[in-house]
Amino acid sequence: MRLSRISFRLGLSALASLVALSAFAHEPRPGPNGGWKVDAGAWHAELVANDTPNVIVYLYDGADQPLSAEGWTGNAILLVDGSAQRFELTPDANGQLIGAAAVAVAKDVKGALQLVAPDGTTAEAKY
């Protein structure tokens, strides 16, 4: 009976550790371009906003290697001053996705990106 309780507690402890580690992996983290990087399906997306209407999205593979946004499309849905701002993201000549909101977007904006890879695979990045 005592061994069963110990096993149960160890199992519960291991499960709690996995849940905590999993939650940490999906938290926004600073990206190399000054934005917030999050998981987006099999990729990572860094959203850079700097109090202007323009935003830039840098894409990375699962190993955090930069990807070109050529062939990608997307939409941003960001909460700015209590109001949802929805706008398209399109690739630029520098290999990033860019978009422009109707108003200035703060660095710590909350919202989501809907991304479509060149092969049609979709992903969502939540900030």
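This report describes the fold, strand pairings, core, aromatic contacts and selected loop residues of a predicted model.

## Overall organisation

The chain contains one helix and 10 strands, and, when it is read along the sequence, the helix comes at the start of the pattern α-β-β-β-β-β-β-β-β-β-β. Of its 127 residues, 32% count as buried. Among the contacts between residues at least 6 apart in sequence, 47% join residues that are at least 24 apart.

One pair of positions illustrates such separation along the chain. Glu27 is placed in the loop between α1 (2-25) and β1 (29-30), and its C-alpha lies 9.1 Å from that of Lys126, although the two residues are 99 residues apart in sequence. Glu27 has a relative accessible area of 44% and is therefore classed as partly exposed, since that class covers values between the 20% limit for buried residues and the 50% limit for exposed ones.

## Two hairpins around β7

Strand β7 (83-91) follows β6 (73-80), with Asp81 in the loop between them. The two strands run antiparallel and are joined by seven bridges, and in this pairing Ile77 stands opposite Arg86 of β7. Together β6 and β7 form a hairpin with two residues between them, and the turn includes Asp81, whose phi is positive at about 50 degrees.

On its other pairing, β7 runs antiparallel to β8 (residues 97-105), to which it is joined by two bridges. Thr90 has Ile98 of β8 as its bridge partner. These strands also form a hairpin, here with five residues between them, and the turn includes Gly95, which has a positive phi of about 90 degrees.

## Positive phi values at two aspartates

Asp81 has a positive phi although it is a residue other than glycine, and its relative accessible area of 79% places it among exposed residues. Asp51 is another such case, with phi near 65 degrees, again a positive value in a residue other than glycine. Asp51 lies in the loop between β3 (43-49) and β4 (52-60), and because its relative accessibility is 56%, over the 50% limit, it counts as exposed.

## The nonpolar core

In soluble globular proteins, nonpolar side chains tend to be buried together. The largest nonpolar core of this model has 26 residues, and those with the most contacts inside it are Leu89 and Leu115. The elements that give two or more residues to this core are β2 (36-40), β3, β4, β6, β7, β8, β9 (110-116) and β10 (122-126). The largest share, four residues, comes from β3.

The surroundings of Leu89 can be listed in more detail. Leaving aside residues up to four places away in sequence, Leu89 touches Val55 and Val57, the run of Thr73, Gly74, Asn75 and Ala76, then Leu97, Ile98 and Gly99, and finally Leu113 and Leu115. Leu115, one of these neighbours, is thus also the residue named alongside Leu89 as having the most contacts inside the core.

## Aromatic contacts

The structure holds one aromatic pair. The rings of Trp43 and Trp72 have centres 5.0 Å apart and planes at 80 degrees, so the arrangement is edge-to-face. Trp43 belongs to strand β3, whereas Trp72 lies in the loop between β5 (66-67) and β6, so the pair ties together parts of the chain that are 29 residues apart in sequence. Both Trp43 and Trp72 are buried.

A further contact with a ring involves a charge: the charged end of Lys37 sits over the ring of Tyr60, at 3.9 Å from the ring centre.

## A buried glutamine in the β7-β8 loop

Gln96 lies in the loop between β7 and β8. Its relative accessibility is 13%, and because this falls under the 20% limit, Gln96 counts as buried. A polar atom of the Gln96 side chain lies 3.0 Å from the backbone oxygen of Asn94.

Beyond residues up to four places away in sequence, Gln96 touches Ile56, Val57, Tyr58, Ala69, Thr90 and Pro91. Val57 appears both in this set and among the neighbours of Leu89, while Thr90, also touched by Gln96, is the bridge partner of Ile98 in the pairing with β8.

Notes. Residues numbered from 1 in each chain as written. Predicted model: local features only at pLDDT ≥ 70, side-chain atom pairs only at ≥ 80, totals over all residues. Heavy atoms only, no water. Buried < 20%, exposed > 50% of the residue type's maximum accessible area, 1.4 Å probe, protein only. Pairing = 2+ DSSP bridges. Core = buried A, V, L, I, M, F, W, Y, C linked by side-chain atoms within 4.5 Å. Contact = heavy atoms within 4.5 Å. Phe/Tyr/Trp six-rings, centres within 6.5 Å; stacked < 30°, edge-to-face > 60°. Lys NZ or Arg CZ within 6 Å of the ring centre and 35° of its normal. Polar contact = N/O pair within 3.5 Å; in protein donor to acceptor, adjacent residues only side chain to side chain.
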